[in-house]
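Hi everyone, thanks for making time this morning. I'd like to walk you through one model, so please have the viewer open and follow along with me.

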Protein chains: 2
Amino acid sequence: MSNFEVFFDYIQKISGKLLSEDDKQLLMAHFKPKKLRKRQYFLQEGDVCKYIGFIVKGSARTFTVDEKGHENILKLSVENWWLADFESFYLLTPSRFNIEALEELEVLQSTNTQIEEFLKNIPAFSAMQNVISQNNTIATQKRMQTAFSYTAEERYEDLVSNYPNFLQRFPQNMIASYLGLSPETLSRIKKNSFK
Amino acid sequence: MSNFEVFFDYIQKISGKLLSEDDKQLLMAHFKPKKLRKRQYFLQEGDVCKYIGFIVKGSARTFTVDEKGHENILKLSVENWWLADFESFYLLTPSRFNIEALEELEVLQSTNTQIEEFLKNIPAFSAMQNVISQNNTIATQKRMQTAFSYTAEERYEDLVSNYPNFLQRFPQNMIASYLGLSPETLSRIKKNSFK
DNA sequence: ACTTTAAATTGACTTATATCAAGCCTATTT
DNA sequence: AAATAGGCTTGATATAAGTCAATTTAAAGT
């Protein structure tokens, strides 16, 4: 299946609506395939996030770097997720985040102004947006709750049951950072959880 | 200004679109005013969140209670905010949250099925939803970041500069819980920040 | 296959924040 | 005005997680 076939499938499935041939032509005209090698940046801190990307293959991390040079991962993104700093993308303000490919990454990307067009002209696209923002609202609500009311160990267990594939796919220090833990602490948690 | 005038103003302002007379009639027909006294519940843990409420006056907190009986505040809501557990509201699943009035509370409330109707039939309403979910995405992204990468003191400073009115409006133990802190810790932070 | 580099583990120690307990205000109720 | 309760503060102590440093293991590059 080609990149665009994957993409169309995704839109139709999540929106519950079909894309017409015209819709598909419009999307193909304005979503550009882009490849990033491992460690390349999709977005650098300080830049405006001009592009939003749909991940066809690979993975990425969204992170900040604090004064002490500590990296803090906010999001791990894989296939069929959207990649962007939405604040920067919507408001056209400089981003505080970095987005970096963790594996060879293939995205279909487009711009803010184009997205506005798609939302106006493609019913399935705007239906998709509604579903995504619902899902997103739910997911962030959950993540907030785990962040605040769970212990480190509970947050790890939660990840194990919700995203078991992340454990194989990403190095442990990335997982630790995503959970808001030091690598040492995560290592100890894993050790204890075997008992 | 009546409750509905406040509501219509809000929709028009945030969506950037005008409401027709028909739109207004439709909204008035299906949003019901509801008053709650201080301490009354808008939603109880275990129930499905059947209503979404637009806050016209007053405030509320969304919180969980853990096994040890500790309350954990996830959200503090005031005028012109929407009140609901969106997960439960959208998916019709039992909620893990409680929502309680902190002050005398006036909302305009409606149901899931009605909201679907508004989204279909009132352009300003669906434009509003897009803006809100954008804002929401941005806000939760920020809150996640502060939760993980800021110290207790930084989180407090952040609140002071972003929502200074919360400090007057809500008791300090609620603020502490919202920041993910014990009341004692917040008390000590305030003391130190005067030096 | 060998070398180099990066990631994971382990132990000793430090720090931030929570917990427990007591006392003190400041309201509200009677 | 006295009484009660809820919220705030303070001190002493406990605990979870972080930091630093050394070592082992695994992965990547030549």
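I'll go through the sheets, then the cores, then the contact between the chains, and finish at the DNA.

One thing before we start: this is a predicted model, so please listen with that in mind.

Let's begin in chain A. Find the open sheet of 4 strands, with the order β2-β7-β4-β5 and antiparallel pairing. Its edge strands are β2 (41–43) and β5 (71–77), each of which pairs on one side only. From one strand to the next, the twist averages 30°. If you zoom in on the β2 edge, you'll see β2(A) paired with β7 (residues 98–101) of chain A, antiparallel, over 2 bridges. Who is the bridge partner of A:Y41 there? That is A:E100, in β7(A).

Now, what lies across this sheet? One helix comes from chain A itself: α8 (residues 172–179) lies across β4 (60–65) and β5, running at about 100° to β5(A). Another helix comes from chain B: α5(B) lies across β4 and β5 of chain A, at about 135° to β5(A). Keep α5(B) in mind, please, as we'll come back to that helix.

Staying in chain A, have a look at β8 (residues 105–111). Strand β1 (residues 32–36) pairs with β8(A) in the antiparallel sense over 5 bridges, and here A:P33 has A:L108 as its bridge partner. Strand β3 (residues 51–57) of chain A also runs antiparallel to β8(A), joined to it by 6 bridges. In that pairing, A:G53 stands opposite A:Q109.

Over in chain B, I'd like to show you a hairpin. β4 (residues 60–65) and β5 of chain B pair antiparallel over 6 bridges, and B:F63 sits opposite B:I73. The hairpin leaves 5 residues between the two strands, and in the turn B:G69 has a positive phi of about 85°.

On to the cores. As a reminder, nonpolar side chains in soluble globular proteins tend to be buried together. In our model the largest nonpolar core has 40 residues, and B:L83, B:V107 and B:L179 have the most contacts inside it. The strand that gives the most to this core is β3 (residues 51–57) of chain B, with 5 residues. There is also a second, separate core of 39 residues, which includes A:L27, A:V56, A:L108 and A:Y156. You'll recognise A:L108 as the partner of A:P33 in the β1–β8 pairing.

Let me stay with B:L179 for a moment. Which residues does B:L179 touch, leaving aside neighbours within four places in sequence? They are B:A152, B:R155, B:Y156, B:L159 and B:L186.

Now the contact between the chains. It takes 21 residues from chain B and 21 residues from chain A. On the chain B side, β5 (71–77), α3 (86–91) and α5 (123–149) each give two or more residues. The largest share, 13 residues, comes from α5(B), the helix that lies across β4 and β5 of chain A. By class, this side of chain B has 7 nonpolar, 11 polar and 3 charged residues.

For a single residue to look at, try A:F148, in helix α5 (residues 123–149) of chain A. Is A:F148 buried or partly exposed? It counts as partly exposed because 18 other C-beta atoms lie within 10 Å, whereas a buried residue needs 20 or more. Apart from neighbours within four places in sequence, A:F148 is in contact with B:N72, B:A147 and B:G180.

Finally, the DNA. Around strand C there are 16 residues, the closest being A:Q172, A:N173, A:S187, B:A152 and B:T185. Both chains take part: α8 and α9 of chain A, together with α6 (152–162) and α9 of chain B, each supply at least two residues. α9(A) has the largest share, 6 residues. Near strand D there are also 16 residues, of which A:A152, A:T185, B:Q172, B:N173 and B:S187 come nearest. Here α6 and α9 of chain A and α8 and α9 of chain B are the elements giving two or more, and α9(B) gives the most, with 6 residues. By class, the surface near strand C has 4 nonpolar, 6 polar and 6 charged residues, and the surface near strand D divides into 4 nonpolar, 6 polar and 6 charged.

That's my tour, thanks for listening!

Key. Residues are numbered from 1 along each chain as its sequence is written. Chains are lettered from A and ligands numbered from 1 in the order in which they are written. This is a predicted model: local features need pLDDT of at least 70, side-chain atom pairs count only at pLDDT 80 or more; totals for chains, interfaces and linings use all residues. A residue is near a molecule or strand if its C-beta atom, placed from the backbone, lies within 6 Å of it. Ala, Val, Leu, Ile, Met, Phe, Trp, Tyr, Cys and Pro count as nonpolar, Asp, Glu, Lys and Arg as charged, and the others, Gly among them, as polar. A nonpolar core is a set of buried Ala, Val, Leu, Ile, Met, Phe, Trp, Tyr and Cys residues joined through C-beta atoms within 7 Å. A residue is buried if 20 or more other C-beta atoms lie within 10 Å of its own, exposed if 12 or fewer, and partly exposed in between; C-beta atoms are placed from the backbone. Two residues are in contact if their C-beta atoms, placed from the backbone, lie within 7 Å. Two strands pair if DSSP finds at least two bridges between them. Axes are lines fitted to C-alpha atoms, for helices over the stretch in contact, and angles run from 0 to 180 degrees between N-to-C directions.
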